[in-house]
Amino acid sequence: MTGAPASAAGGPSGARRAAAGPASGKAPGAAMGRGAARSAEGGAPGARPGAVPGAGDSGAVVGDGSESAVVDAQDDGKPARGGKLAAAAVNQASVWNVANLLTMLRLILVPAFVALMLADGGYDPAWRSLAWAAFAIAMITDLFDGHLARTYNLVTDFGKIADPIADKAIMGAALICLSVLGDLPWWVTGVILGRELGVTLLRFVVIRYGVIPASRGGKLKTLTQGVAVGMYVLALTGWLATLRFWVMAAAVVLTVVTGLDYVKQAIVLRRRGIAEREAALEEKEA
């Protein structure tokens, strides 16, 4: 007879505690979780595993109490068990993602392009067409791998290093081969490659102050360079040969203009970074 009054008395008090939960800043689910843990240890008489709240049991939880374990682990500020292992597995597998495989393909295409470009003296239209196909594949994959990496969160340290190397390698190989064969003046090759290497070094110099973002002009420059070099790789004649001259001229102009713009951005970024550091030191000393 004593068990029934105790259970009945526990019902209203449980209801009052449940009603007071949100006002005290604690979620009802968290209170249920802790109550379930106490019930499992035998601390709350009358609480039955699997009982429905509101049926006379204070602090009972539906199910086996696994939710309470998660809540308590979160309350203690500890990550869920196995979380670090899962994150490590993702990091290890991320190197072999689609974006990085496309970058590796571009690196492999560089020696293949050179071999095709210089085959049979470098003036056979058939070999030049195959070289153009390799160059076109490399340029198209350059458009896709960066987009895939940013869209699907596939950015890796390998991709950050290998992607710009692959870009410079295929473009540099094409320009040097064209100049060696006499199809393109060496000064054009020097301007384009000098700009690319200079901007890359400039990024490393000012990286302590911030990152110089890629501009629309830079993307247009890359596209124009790719089209112009591709037209020179093909054995074109007539009006197409005249057209490729003007496309290459536009590429050279964009190369110089965007290069100067990057220099300007680097100077502004460096000055801003120095000013912010000096302001932070003054605040610390004050």
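**Helix packing and a pocket, in questions and answers**

Me: How do the axes of helix H6 and helix H9 cross, and at roughly what angle?
Reply: In this predicted model, H6 covers residues 125-151 and H9 covers residues 216-233. Their axes come within 9 Å of each other, and the crossing is at roughly 170°.

Me: Are H6 and H9 roughly parallel or roughly antiparallel?
Reply: Start from the crossing angle of roughly 170° between the two axes. Angles over 145 degrees count as roughly antiparallel. The pair H6 and H9 is therefore roughly antiparallel.

Me: Which residues of H9 does H6 meet, and which class has 7 residues in that contact?
Reply: On the H6 side you'll find Arg128, Ala131, Trp132, Phe135, Met139 and Asp142, and they meet Thr222, Gly226, Val229, Gly230, Tyr232 and Val233 of H9. By class, the contact has 2 charged and 3 polar residues, and the class with 7 is nonpolar.

Me: What is the volume of the largest pocket?
Reply: The lining takes in 50 residues, and those nearest the pocket's centre are Asp142, Asp163, Pro164, Asp167 and Ala214. Asp142 also turns up among the H6 residues that meet H9. As for the pocket's volume, the figure is about 1900 Å³.

Me: Which helix gives the largest share of the lining of the largest pocket?
Reply: Several helices chip in with at least two residues each: H5 (98-118), H6, H7 (157-180), H8 (186-205) and H9. By class, the lining splits into 25 nonpolar, 13 polar and 12 charged residues. The largest share is 12 residues, and the helix behind it is H6.

Me: How many helices and strands does the protein chain have?
Reply: Run along the chain from the N terminus and the elements read α-α-α-α-α-α-α-α-α-α. That fits the tally for the secondary structure, 10 helices and 0 strands.

Me: What share of contacts between residues at least 6 apart in sequence joins residues at least 24 apart?
Reply: The chain has 286 residues, and 32% of them count as buried. For contacts between residues at least 6 apart in sequence, the share joining residues at least 24 apart is 70%.

Me: Is Val95 buried or partly exposed?
Reply: Val95 sits in the loop between H4 (83-93) and H5. Leaving out residues up to four places away in sequence, Val95 touches Asn100, Met104 and Thr156. Buried would need under 20% relative accessible area. Val95 has 30%, so the label is partly exposed.

Me: How far apart are the C-alpha atoms of Val95 and Gly159?
Reply: Along the chain, Val95 and Gly159 are 64 residues apart. In space, their C-alpha atoms are separated by 8.0 Å.

How values were computed. Residues are numbered from 1 along each chain as its sequence is written. This is a predicted model: local features need pLDDT of at least 70, side-chain atom pairs count only at pLDDT 80 or more; totals for chains, interfaces and linings use all residues. Side-chain values use heavy atoms; hydrogens and water are left out. Axes are lines fitted to C-alpha atoms, for helices over the stretch in contact, and angles run from 0 to 180 degrees between N-to-C directions. Helices (H or I, at least four residues) and strands (E, at least two) are DSSP runs, numbered from the N terminus. Angles under 35 degrees count as roughly parallel, over 145 as roughly antiparallel, 65 to 115 as roughly perpendicular and the rest as oblique. Contact means heavy atoms within 4.5 Å. Ala, Val, Leu, Ile, Met, Phe, Trp, Tyr, Cys and Pro count as nonpolar, Asp, Glu, Lys and Arg as charged, and the others, Gly among them, as polar. On a 1 Å grid over the protein atoms alone, a cavity is a set of points where a 1.4 Å probe fits but cannot get out, and a pocket is an open set with protein on both sides within 12 Å along at least five of seven lines; lining residues have an atom within 4 Å of a point. Grid points are joined across faces, edges and corners, and a volume is the space filled by probe spheres set on the points. Buried means under 20% relative accessible area, exposed over 50%, partly exposed in between (1.4 Å probe, protein chains only).
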